[in-house]
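Please open the structure in a viewer and keep the sequence panel visible. The tour below proceeds by selections, each followed by a description of what is found there.

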Amino acid sequence: MHRSRWSTVGPVVAIALALAVTACGSSDDRLVVFAASSLTDVFERLESDFEAEHPAIDVVVNAAGSSSLVAQLAEGAPVDVLVTADTDTMSDAVAATPTIGEPVTLVRNGLVIAVERDNPLGIGSLGDLADVVVVLAAPQVPAGAYSRSILACAGVAVDPVSLEQSVRSVASKVALGEADAGLVYRTDISDDLDAVEIPAECQVAAEYPIVLLDDTPAARQFLAFVTGADGARVLADEGFELP
């Protein structure tokens with residue numbers, strides 16, 4: 001990130017600008033991380049563990065749908081580290097934003113059919129989705145693109161009641177009973193949901209790339225942490241597949 005120079009402004013304006021920049025995450029002791037929504041829980045743990053080892057650094061995680069994160073980035077949001085849920089969305093981000101080095105794969109994931117706890121409708125296959133109320137992620141969201149690939153592979157046509165901007169919203173609607181089923185990542189299955197496995201021949205390998213967008217010691221330390229042994233332990237514990 002770039003720091004402003006205020007040699008031609010008065011002291012009051014300079015102080016106001018300094019506070020604004022600090023609030024946006026442009027400080028050496030503040031680290032802004034944009035992470036795909038399916039990483040919400042695991043990055044809360046990573047944030048806590050990293051801050052325990054680096055108490056002078058305040059990590060701020062913004063978790064949302066990957067396409068929403070890239071849109072915020074294109075609008076000028078200050079970001080130090082970006083993690084998306086697919087390589088296509090990361091490619092869009094890299095094409096529009098200078099990066100520090102090349103993206104590397106952080107973890108992989110798979111999709112499942114999310115159903116209400118105890119699966120009251122007895123949904124057992126992708127084919128069953130044609131006869132129940134289904135919610136999916138929007139096409140521009142990685143989980144939405146993956147879902148369409150899976151359904152096309154199985155030859156199943158569904159008419160989703162809604163198209164969500166994040167996979168977490170899909171899981172939430174199923175858990176709340178607003179839909180009978182939805183396609184989510186395996187790691188999105190909570191205590192309120194059950195998972196129905198997708199056949200291997202139609203499964204996808206969701207790949208999560210990570211990249212630095214700012215060359216600061218804090219950003220490099222965070223990248224080393226999450227891609228190192230400490231991060232790997234937390235990521236595996238949360239059900240993600242290590243590359």
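Two strands are said to pair if DSSP finds at least two bridges between them. Helices (H or I, at least four residues) and strands (E, at least two) are DSSP runs, numbered from the N terminus. The model is predicted: local features need pLDDT of at least 70, side-chain atom pairs count only at pLDDT 80 or more, and totals for chains, interfaces and linings use all residues. Residues are numbered from 1 along each chain as its sequence is written, and side-chain values use heavy atoms, with hydrogens and water left out.

**The whole chain**

Begin with the entire protein chain, whose secondary structure comes to 8 helices and 10 strands. Of its 243 residues, 44% are buried, where buried means under 20% relative accessible area, exposed over 50%, and partly exposed in between (1.4 Å probe, protein chains only). Contact means heavy atoms within 4.5 Å. Among the contacts in the chain with a separation of 6 or more, residues 24 or more positions apart account for 77%.

**The sheet**

Next, select strands E5 to E9. These 5 strands form an open sheet with mixed pairing, in the order E7-E6-E8-E5-E9. Strand E7 (162-164) and strand E9 (193-196) stand at the edges; each has a single partner strand, so one side of each is left without a neighbour in the sheet. From one strand to the next, the twist averages 35°. Such angles run from 0 to 180 degrees between N-to-C directions, and the axes are lines fitted to C-alpha atoms, for helices over the stretch in contact.

Now select strand E6 (residues 134-137) and strand E8 (residues 181-185), which pair in the parallel sense over 2 bridges. Which residue of E8 is the bridge partner of Val135? That partner is Gly182. Strand E6 also runs parallel to E7, joined to that strand by 3 bridges; in E7, Val135 has Ser162 as its bridge partner.

Side chains in a regular strand alternate between the two faces of the sheet. Show the side chains of E6: Val134 and Leu136 lie on one side, Val135 and Ala137 on the other, and all are buried, so that both faces of the strand are covered.

**Helices on the sheet**

Add helix H5 (residues 142-154), which packs on the sheet and touches strand E5 (111-116), E6, E7 and E8. The direction of H5 makes about 125° with that of E6. Helix H6 (residues 167-175) packs on the sheet as well, touching E5, E6, E7, E8 and E9, and its direction makes about 140° with that of E8.

Keep E6, H5 and E7 in view, for they make a right-handed β-α-β unit. A crossover is right-handed if, with the strands pointing away from the viewer, the path from the first strand over the helix to the second runs clockwise.

**The disulfide**

Select Cys153 and Cys202, which form a disulfide with their sulfur atoms 2.1 Å apart; the term denotes a pair of cysteine sulfur atoms within 2.5 Å. The structure holds 1 disulfide. Cys153 lies in helix H5 and Cys202 in the loop between E9 and E10, so the pair ties together parts that are 49 residues apart in sequence. The torsion about the S-S bond of Cys153 and Cys202 is about -75°, so the disulfide is left-handed. Is Cys153 buried or partly exposed? With a relative accessible area of 41%, Cys153 is partly exposed, whereas Cys202 is buried at 7%.

**Aromatic pairs**

Rings of Phe, Tyr and Trp (its six-membered ring) pair if their centres lie within 6.5 Å; planes under 30 degrees apart count as stacked, over 60 as edge-to-face and the rest as tilted. The count comes to 6 aromatic pairs.

Select Phe50 and Phe225, an edge-to-face pair at 5.5 Å centre to centre with 70° between the planes. Phe50 is in helix H2 (residues 40-53) and Phe225 in helix H7 (residues 217-227), 175 residues apart. Phe50 is buried, with a relative accessible area of 0%, and Phe225 is buried at 7%. Extend the selection to Phe43 and Phe222: ring pairs link Phe43, Phe50, Phe222 and Phe225 into a cluster.
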